[in-house]
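Trainee: Could we go through how two chains of this assembly meet, one point at a time?

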Amino acid sequence: MLLKKNVPVSYVLGKIKVEMALLALYSTTVYVVHTYYHIPLVSIPVAVPSILGTVISLLLAFRSNQAYNRWWEARTLWGAIVNDSRSFARQVLSFIDNTYDDADKKAMKERMIKRQMAWCHSLSQHLRGQSAQPELKRLLSDEERQSVADVHHIPLALMEHHANDLRLLQRMNWINDYQQVAMDDTLTRFSNSMGGCERIKNTVFPVTYSFYIHIMVLFFVMLLPYTLIEFFGVFQIPLVVAISSSFFLIEKMAIHLQDPFENKPTDTPTTTISRNIERDLKMLLKDESPAEVDRPAITVNSTSVYYVL
Amino acid sequence: MLLKKNVPVSYVLGKIKVEMALLALYSTTVYVVHTYYHIPLVSIPVAVPSILGTVISLLLAFRSNQAYNRWWEARTLWGAIVNDSRSFARQVLSFIDNTYDDADKKAMKERMIKRQMAWCHSLSQHLRGQSAQPELKRLLSDEERQSVADVHHIPLALMEHHANDLRLLQRMNWINDYQQVAMDDTLTRFSNSMGGCERIKNTVFPVTYSFYIHIMVLFFVMLLPYTLIEFFGVFQIPLVVAISSSFFLIEKMAIHLQDPFENKPTDTPTTTISRNIERDLKMLLKDESPAEVDRPAITVNSTSVYYVL
Amino acid sequence: MLLKKNVPVSYVLGKIKVEMALLALYSTTVYVVHTYYHIPLVSIPVAVPSILGTVISLLLAFRSNQAYNRWWEARTLWGAIVNDSRSFARQVLSFIDNTYDDADKKAMKERMIKRQMAWCHSLSQHLRGQSAQPELKRLLSDEERQSVADVHHIPLALMEHHANDLRLLQRMNWINDYQQVAMDDTLTRFSNSMGGCERIKNTVFPVTYSFYIHIMVLFFVMLLPYTLIEFFGVFQIPLVVAISSSFFLIEKMAIHLQDPFENKPTDTPTTTISRNIERDLKMLLKDESPAEVDRPAITVNSTSVYYVL
Amino acid sequence: MLLKKNVPVSYVLGKIKVEMALLALYSTTVYVVHTYYHIPLVSIPVAVPSILGTVISLLLAFRSNQAYNRWWEARTLWGAIVNDSRSFARQVLSFIDNTYDDADKKAMKERMIKRQMAWCHSLSQHLRGQSAQPELKRLLSDEERQSVADVHHIPLALMEHHANDLRLLQRMNWINDYQQVAMDDTLTRFSNSMGGCERIKNTVFPVTYSFYIHIMVLFFVMLLPYTLIEFFGVFQIPLVVAISSSFFLIEKMAIHLQDPFENKPTDTPTTTISRNIERDLKMLLKDESPAEVDRPAITVNSTSVYYVL
Amino acid sequence: MLLKKNVPVSYVLGKIKVEMALLALYSTTVYVVHTYYHIPLVSIPVAVPSILGTVISLLLAFRSNQAYNRWWEARTLWGAIVNDSRSFARQVLSFIDNTYDDADKKAMKERMIKRQMAWCHSLSQHLRGQSAQPELKRLLSDEERQSVADVHHIPLALMEHHANDLRLLQRMNWINDYQQVAMDDTLTRFSNSMGGCERIKNTVFPVTYSFYIHIMVLFFVMLLPYTLIEFFGVFQIPLVVAISSSFFLIEKMAIHLQDPFENKPTDTPTTTISRNIERDLKMLLKDESPAEVDRPAITVNSTSVYYVL
């Protein structure tokens, strides 16, 4: 989960420091050439960057909107995974009636709920193209872990294990027919959330659109000093840097938001969410929270998940 | 529920009085320096704030839109909690057939419906990081209240109690198999609403976006006096304050709307909604409304929930 | 249902005639002071109202959009009530098998379908804070009508009666277990539509946002004559009135659309919709349409529901 | 289904030829008066139509958006009717087990699927206020057709027949209890689509909004010649016509899109969709396509459904 | 799945090279005529293209938005097909209990899952108006393939085969009644996705809207040289080409995005998605991946699906 803190200015500016340096150099050059060498420059009326600015603003607004929607959809999908994981655990615990404390039933419940935790971790890592072996080791039986070791899509294989267990539960009459169908519905919702994340991961934002906006911003920035120099003289340098930086920043934000599963600090925090799911499901299992595992892990990336740029 | 009243001007202005004072000081300084000390100021053509104004307006419109959507989604989630609480009570009352006035059944019904009231209150307080002990004391049995005293997520634990009661109802044949699944569906919807609120609560609005807009507004405000002084003279002071205030106000509104569970007067009114749910469910239970409990509670915060800024 | 007619210009202008009169007076005063008394006025460059106009347009567009969405959501919720009322009647008529023309079953069907009509009317009046006694008298049995006479939320109480009848139907084996759950689903949808309407009714549109836009429009209107007088002379008076009126009109429209259950002619036409539901359900019941009741009622408000401002 | 073709320029211009003629006359008059009679005209600075143009563009964009959404929702509702008709036919064919080729079952299946075709045609005509007798004659039994001859809402009555047949199927044990409920769900979806279309049909777009935009466009068009004449002389005439026409065209498009069930060539193509549903369901029934009925009907309106203005 | 790569500038420019060449010629002509022949040109104030630019930007933003929504909806529908195909395979595998390794059951499972793969391929090709015979040959039995050889809508016919197999499964008691209904629900979701794709395929984007925007862009481009030549001289040529190209590019992007099933490189990648579904379902079937079939196929179109313009 993202922590709320004041963002240090240095962090924000760090994202665009190369662009800012180049722009400062460029506008200084224009100023020097104009003032000391008296080379007559093309004089650009203020209306030209004004038109360009409006057009770029509209396009950036459209783009930010779509990028934000992708980011928010990704967050909503993981929100649905949280909800459905809790619902799945609730169904496992309340549909199977082990009031008389049947050890077999208890073991089965634990197996299924721990597999659900493992599924969340494995989906989180699968989306980032990374291995979830540490979590799988911790949460799955050795046998089950080996059965999914070689498959190309671990979360899908784990869902299949869930479905097989549902059949088992029904065959043993631990759940009735309607309960099986109701729990299968929950698996379908997991499948939909998983597929939704893959869709966002695998569908690039229309590339030429991004490319074209970038070109227009560069073009706008190039024209700016010629317009401002007449009115502001040497003050045009900070003005150019300030105005241009804001356009670059908005652009950068859209680029970061539109791909939320790329293992960047601005990702949808799938690792933290998976860990929270684990904590909640363990509470439902009346299990002790493995404090020694959780805390250091949170500390590790605590410096890098503060900001969403 | 928010009451409709005319908003006193003083309330609106109170939100931004620091900004207004600083701006008045700043533009007065500009005026004094310009007029009495005859220090030649940079003359900024009207087109520069015009471009900036359009850009900022577009960005603020985008931002207000997203903030409004978060606020409205939070309200809709709590609307769903109202609807599902009523549906849950209806199912409890009509699925369990106690026409022959079975005292056990009646007690069970009351226990479940009161737990649902307690769940609403506990979720409301959980989202704000506060304790819901007074409401839990009033609505839960002592035994149940102690069982959830130490858990980190009380609403989730109460949902588990609901699910256990559903299993009990089914085992005793007070509800049939389909009814259990149908009521479990209702629990799933509660789980979704709860998770949706937590998602809004825990996901910060992209921070640098807010930060960047704030910088641009400040920048715009700084330039304004230099542009207006030529045309308006001393009248530029109120003009600058008026125009700038409006940008600050829109910004403030977005900041308030985007985080609707922060225990501010502009929150989603979860306390009032929970109290209304309690009143409606009590009506369904044919219970007397505990007038002496309700009324003072409403009075307490009646002065602070009038406005949504 | 709203009738399509040409809107007389007088109706549209009637909504803002006070504002128009004041504006005409104001701009005439400016003209007279400027022209006959030769008092030098502040000369405002055309760019200032131009910036303000763009900003206000963007904010009004955002606001109109949100207001329109609330209005359309209210309409959609009542559309869902129409659909679900028909589905409920269909389920009542086809799930209960009275092919051999059982008088008891027939009476039960009629009771439930008439109660559904009564529910629509009572919700319509409940949202407006009015009494639905005439319709309840017409559609409910005396006994049932008295049982809901004192409750604070009549539609909710009627839903409870529906649920009790479902239990009765199931106990008598007139419907089977799945059919009870399916019909309970329909009741849940009614509950959701009812709650959605209450959410729209009880949630005020962010007040300071409206307030702030109003202030900006006033401010814009105040500046307008000073800008236009140089170019247009006496013609600035109609120009100021025309341009300002359009902003006021858009604002008025948003204010009307955003609160669709306030017993204004621009409401969601819940009374007409309820009457149409009654007509459709009566057709399904093979009942004669009570022409002498319906027709005058429609005539009464036929002059006031033509326009949506 | 709409065919893709190049739109002849004459078609597009035909929609607004009256407006174009009047505008040409008006701007010519302005030119003549200005040039030959040397009557000094009010000189309007270019900024005034510039503000107006931006405002109108924003309002037209909002309006086009809402009109497009209504049109797309209507299309989506008919898409849902296509999907659900296929699903209904699939359920009828696969839930009723007539592997041993029972003639009664076969006749029942055909009756239900043909009634579904008839329902689509009757809804299409009902929305346009026209009679669907030819299609009903072709697809329903005489007895059934007469039973719906006098009702005011034929599609609703046909749904009732569907529901009665479902009860019949269940009573004869041709479908089991769950299948009845599942098919009743499909009927509920038909009911929702039907109600959605009626909602769009019966809810006028806020009238004064359209009216006000129209007034603003006219006002803008009136001012245009005075602004352009100084820069362009006689060339202002085509310029005024070109710029104004584009605003009128956008406005016209919105007006056409917002009411998609008015029997215009730009409607949602409900007749064609109904015919396609008929073809698909006949394929599922393994029926021969009645080529002699279909083809001429398609030819008749093939010239009028090409364009969506 | 679309691969992420840097888009070579040449690719982007290739899309509009004809337009760019014509524009360069046009603006050069204007320059030559103006400079060398000293023919006095109409001087267009910078405000005219400024108004036009804002209007066109707003309209293009609206249009891009709608086109993007169509494209994203198409992608989401195919995402749903992925999810539901996996859910369907899961249901087939886990609802039919062949723990004792019944060869008949195993063959049935394989038949149904392979038919699902075939369905995806056939829908992909059906939308593009192409034949899916190679895939059908590979995945269906000869008998089944011939039964769908002559139908006009192969995916619909395959769905019918699915439904018939469900009836068979139920008759043989391999699945119970609730499971049949649950799997029929999955078929309904396939039907909805299929119908959604056909809706997008068959509904043209309002033609005159596109046409009108195109005219406005052309008009804007024609005026541009006259405005820029005074300020920039010979530099107006690259400026005109650059500004105009960007408008053409945005327009082109919208045209490509709005029709995502036209067998262009910018389509929704239905072939790749179908192949991935095949791979996932084969994994669930524990089948060996037919490496020799898959790999070359991917190579074939690997050069053409890189970019989404």
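Trainee: How much area is buried between chain B and chain A?
Mentor: Keep in mind that this is a predicted model, in which local features need pLDDT of at least 70 and side-chain atom pairs count only at pLDDT 80 or more, while totals for chains, interfaces and linings use all residues. Residues are numbered from 1 along each chain as its sequence is written, chains are lettered from A in the order in which they are written, and side-chain values use heavy atoms, with hydrogens and water left out. Buried area is the accessible area (1.4 Å probe) that two parts lose on being put together, summed over both. Carbon and sulfur atoms give 67% of the area buried between chain B and chain A, which is about 5300 Å².

Trainee: Which residues meet in a salt bridge between the side chains of chain B and chain A?
Mentor: A salt bridge requires a side-chain nitrogen of Lys or Arg within 4 Å of a carboxyl oxygen of Asp or Glu, and by this rule the interface of chain B and chain A has three. One of them, at 2.6 Å from N to O, joins R171(B) and D97(A).

Trainee: Why is the relation between chain B and chain A called that of a particular axis, and which axis is that?
Mentor: When copies are superposed by least squares on the C-alpha atoms of residues with pLDDT of at least 70 in both, chain B can be laid on chain A with an RMSD of 0.0 Å by a turn of 72 degrees and a shift of 0.1 Å along the axis. That is the relation of a five-fold axis.

Trainee: How many of the interface residues of chain B are also interface residues in chain A?
Mentor: With contact meaning heavy atoms within 4.5 Å, 57 residues of chain B touch 61 residues of chain A. The copies meet through different surfaces, because the share of interface residues of chain B that are also interface residues in chain A is only 5%.
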